[in-house]
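Okay, thanks for having me, everyone. I'll put the sequence and the model up, and then we'll walk through the fold together.

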Amino acid sequence: MDNCLDEKQLAASDAVPFWTKMAPASIPSKPALHDAFLAVIDCVPAGGRLLDLGCGDGSLTAKIAESYPCLYLVGVDVNADAIKAACGLALAANMDQLTFQVGNVTELQYPPKVSFNLVLAQLVLSVVGGPEQRKKFLRE
């Protein structure tokens, strides 16, 4: 465990530049959703909105959109190249209810009238700054 960052080092590090320099193919992907999460998606009403934080190349977000065509999905990732790949995926699949945007999950600002029925944040918390940033992220 010598190569692991402790809390102080992690708080001092800036994960954003790290992820922005990675190629989309090397970003850990979310190959599947757990059955429990799929059951929660089933409860989102038609026309509902799902936000995928740290969506990477959008593969999983696109699978959700394919399985739930009555939902509107927004994928956000800090890596512009990953979002470019995600947008290509959505365009190729002709999924109008699926959008992607570059953004830092700790700094997202949506207008007050924009809300989401469900937020997916797999593999995100481990790369969000230090303890205070993580607490802020979880509160918001």
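Before I talk about pairing, one convention: two strands count as paired if DSSP finds at least two bridges between them. With that in hand, look at strand 1, residues 49-53, and strand 2, residues 72-77: they pair in the parallel sense over five bridges. If you want to find the register on screen, leucine 50 has leucine 73 in strand 2 as its bridge partner, and leucine 51 stands opposite valine 74 of strand 2. And please keep in mind that what you're looking at is a predicted model.

Let me zoom out for a second. The chain has six helices and four strands, and along the sequence they come as α-α-α-β-α-β-α-β-β-α. So how are the strands of the sheet ordered? The order is 3-2-1-4, in an open sheet of four strands with parallel pairing. Strand 3, at 98-102, and strand 4, at 118-120, are the edges, each pairing on one side only. From one strand to the next, the twist averages 20°.

Now, the helices that sit on this sheet. Helix 4, residues 59-67, lies across strand 1, strand 2, strand 3 and strand 4, and runs at about 160° to strand 3. Helix 5, residues 80-92, lies across strand 2 and strand 3, at about 165° to strand 3.

Stay with helix 4 for a moment. Which of its residues are buried? They're Leu60, Thr61, Ala62, Ile64 and Ala65. What do those buried residues pack against? Quite a list: helix 3, strand 1, strand 2, helix 5, strand 3 and strand 4.

That takes us to the cores. The largest nonpolar core has 20 residues, and the ones with the most contacts inside it are Ile41, Leu50, Ile64, Leu73, Leu98 and Phe100. Two or more residues come from each of helix 3 (35-42), helix 4, helix 5, strand 3 and strand 4. Helix 4 gives the largest share, four residues. Apart from that core there's another one, of eight residues, with Leu53, Val74, Phe116 and Val124 among them. Going back to leucine 98 as an example of the packing: once you set aside neighbours within four places in sequence, leucine 98 is in contact with Thr61, Ala62, Ala65, Leu73 and Ala90.

Next up, strand 2. This strand is mostly covered, with five of its six residues buried. The residue I'd like you to click on there is valine 76, which lies in strand 2. Is valine 76 buried or exposed? Its relative accessible area is 0%, so with the buried cut-off at under 20%, valine 76 is buried. Leaving out residues up to four places away in sequence, valine 76 touches Leu51, Asp52, Leu53, Gly54, Cys55, Ile83, Gln101, Gly103, Leu108 and Tyr110. Take glycine 54 from that list: valine 76 and glycine 54 are 22 residues apart in sequence, yet 5.7 Å apart in space, C-alpha to C-alpha.

Just past that strand, have a look at asparagine 79, in the loop between strand 2 and helix 5. Asparagine 79 has 0% relative accessibility, so this residue counts as buried too. What does its side chain reach? One target is the backbone nitrogen of aspartate 81, at 2.9 Å. The side chain of asparagine 79 also reaches the backbone nitrogen of alanine 82, at 2.8 Å.

Last stop, the aromatics. How many aromatic pairs does the structure hold? One. A pair of aromatic rings is described by the distance of the centres and the angle of the planes. For tyrosine 110 and phenylalanine 116, the ring centres are 5.3 Å apart and the planes sit at 70°; over 60 degrees counts as edge-to-face, so that's what this pair is. Tyrosine 110 has a relative accessible area of 28%, which falls between the 20% and 50% limits, so tyrosine 110 is partly exposed.

Two whole-chain numbers to finish. Of the 140 residues, 38% count as buried. And among contacts in the chain with a separation of 6 or more, 72% are between residues 24 or more positions apart. That's my tour, so over to you.

How values were computed
Residues are numbered from 1 along each chain as its sequence is written. This is a predicted model: local features need pLDDT of at least 70, side-chain atom pairs count only at pLDDT 80 or more; totals for chains, interfaces and linings use all residues. Side-chain values use heavy atoms; hydrogens and water are left out. Axes are lines fitted to C-alpha atoms, for helices over the stretch in contact, and angles run from 0 to 180 degrees between N-to-C directions. Contact means heavy atoms within 4.5 Å. A nonpolar core is a set of buried Ala, Val, Leu, Ile, Met, Phe, Trp, Tyr and Cys residues joined through side-chain atoms within 4.5 Å. Buried means under 20% relative accessible area, exposed over 50%, partly exposed in between (1.4 Å probe, protein chains only). Rings of Phe, Tyr and Trp (its six-membered ring) pair if their centres lie within 6.5 Å; planes under 30 degrees apart count as stacked, over 60 as edge-to-face and the rest as tilted. A polar contact is a pair of N or O atoms within 3.5 Å; within protein, one must be able to donate a hydrogen and the other to accept it, and residues adjacent in sequence count only if both atoms are side-chain atoms.
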